[in-house]
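Colleague: I would like to learn how to read the overall build of a chain from a model. Could we go through it feature by feature, beginning with burial?

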Amino acid sequence: MNNLPSIKQLQYLLAVHQQQHFGRAAQACFIGQSTLSSAIQNLEENLGCQLIERENRSLMFTPIGEEVVERAKKIIDDTISVKELTKSFLTPLSGKLTLGLIPTIASFIAADLYHFCQTEFPDLELVLIEDTSDNLLGKLEKGQVDLTILALPYDTNKFHIKILAQDKFNLVMHQDFDAPSEVIDFNLLPKSSVFLLAREHCMTEHALSACHLSESQCINPFVATNVHTLLSMVENKLGVTFLPQMAINAGILDHKNMRYMSAQDDAYREIGLLWRKTTGRIRDFRLFSDKVAPFIKDKCL
């Protein structure tokens, strides 16, 4: 059992791999570069093989070095998980918790959710981060966020998912827009009349899929980067759009001369809470999801 690599050495190795530079890695670890270089060299001597090729100011990980990095990531994750497990057992839902929210959810519930968590979890320091689904999943995988609230379906096989609510879609238009009072087939909407968000916003894919909108001629080539730009087009009688019930309940149509109608019964997105399968805070996250689920459901009714 002697001469095993230390956790600190593996952390330094991961820092070099992430930064691809000894100096920046040392700064990230708050140590001197000579200390970091010496630790990596001792690790290589301990393992009996070269992990990093060094040439002047450049470096490159060897094939075995890349494999060691992958194993090291799991070891560090498991070590962190052990510490999280004991802390969660002793003091549930305390300390810092970083929660990621996508824009088409954060815009409508972030402030209320923050106040709700302050009341329900007084010992919890909640940090909210707003970002796109892809970016949040990347941060979740790297441990930069603890939990993420996303709209589903989405490719999330790496993570545990707790479904919190169903958020129905509605067809939104100006009061004077020429459209029937009830639309059974959205593919019969006028040409270029449907305004949507840019594709990086998952709400677009969810709306198209949930509302069975397959006729591309219905979709206007203009794409918005946020919901408010989307609504400005609709408010000016240029067309229609789809909004989730959560947005309407948040008052996004208040004081606007607009109307909406519910889409089909199966036209909805699911709101899910995600966490890493390797986390040691599973008790905390299950407790958090049990408390937050009724709050989210209420926002979607």
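Modeller: Burial is a matter of relative accessible area, with under 20% as the cut-off, and in this predicted model 47% of the 301 residues of the chain count as buried.

Colleague: Which residues touch the most other members of the largest nonpolar core?

Modeller: That core has 75 residues, and Leu99, Phe242, Phe288 and Ile296 are the ones that touch the most other members. Apart from this core lies another one, of 21 residues, which includes Leu10, Ala39, Leu51 and Ala72.

Colleague: What is Ile296 in contact with, leaving aside its neighbours within four places in sequence?

Modeller: With those neighbours set aside, Ile296 is in contact with Ile109, Leu164, Ala165 and Ile271. For the chain, considering contacts with a separation of 6 or more, 77% are between residues 24 or more positions apart.

Colleague: How many helices and strands are there in the chain?

Modeller: The chain contains ten helices and eleven strands.

Colleague: What radius of gyration does the chain have, and what would a compact globule of 301 residues have?

Modeller: The chain has 24 Å, whereas a compact globule of 301 residues would have a value near 19 Å. The extents can be read beside this, since the C-alpha trace spans about 75 × 45 × 30 Å along its principal axes.

Colleague: And how should I read the surface and the charges?

Modeller: The accessible surface of the chain comes to about 16100 Å², with 50% of that area belonging to carbon and sulfur atoms. As for charges, the chain carries 29 positive and 36 negative ones, and their mean positions are 5 Å apart.

Methods. Residues numbered from 1 in each chain as written. Predicted model: local features only at pLDDT ≥ 70, side-chain atom pairs only at ≥ 80, totals over all residues. Heavy atoms only, no water. Core = buried A, V, L, I, M, F, W, Y, C linked by side-chain atoms within 4.5 Å. Buried < 20%, exposed > 50% of the residue type's maximum accessible area, 1.4 Å probe, protein only. Contact = heavy atoms within 4.5 Å. Helix = DSSP H or I, 4+ residues; strand = E, 2+ residues; numbered from the N terminus. Rg over C-alpha atoms; globule rule 2.2 N^0.38 Å. Areas by Shrake-Rupley, 256 points an atom, 1.4 Å probe, with all protein chains shown as cover. Lys, Arg positive; Asp, Glu negative; His and termini not counted. Charge placed at Lys NZ, Arg CZ, Asp CG, Glu CD.
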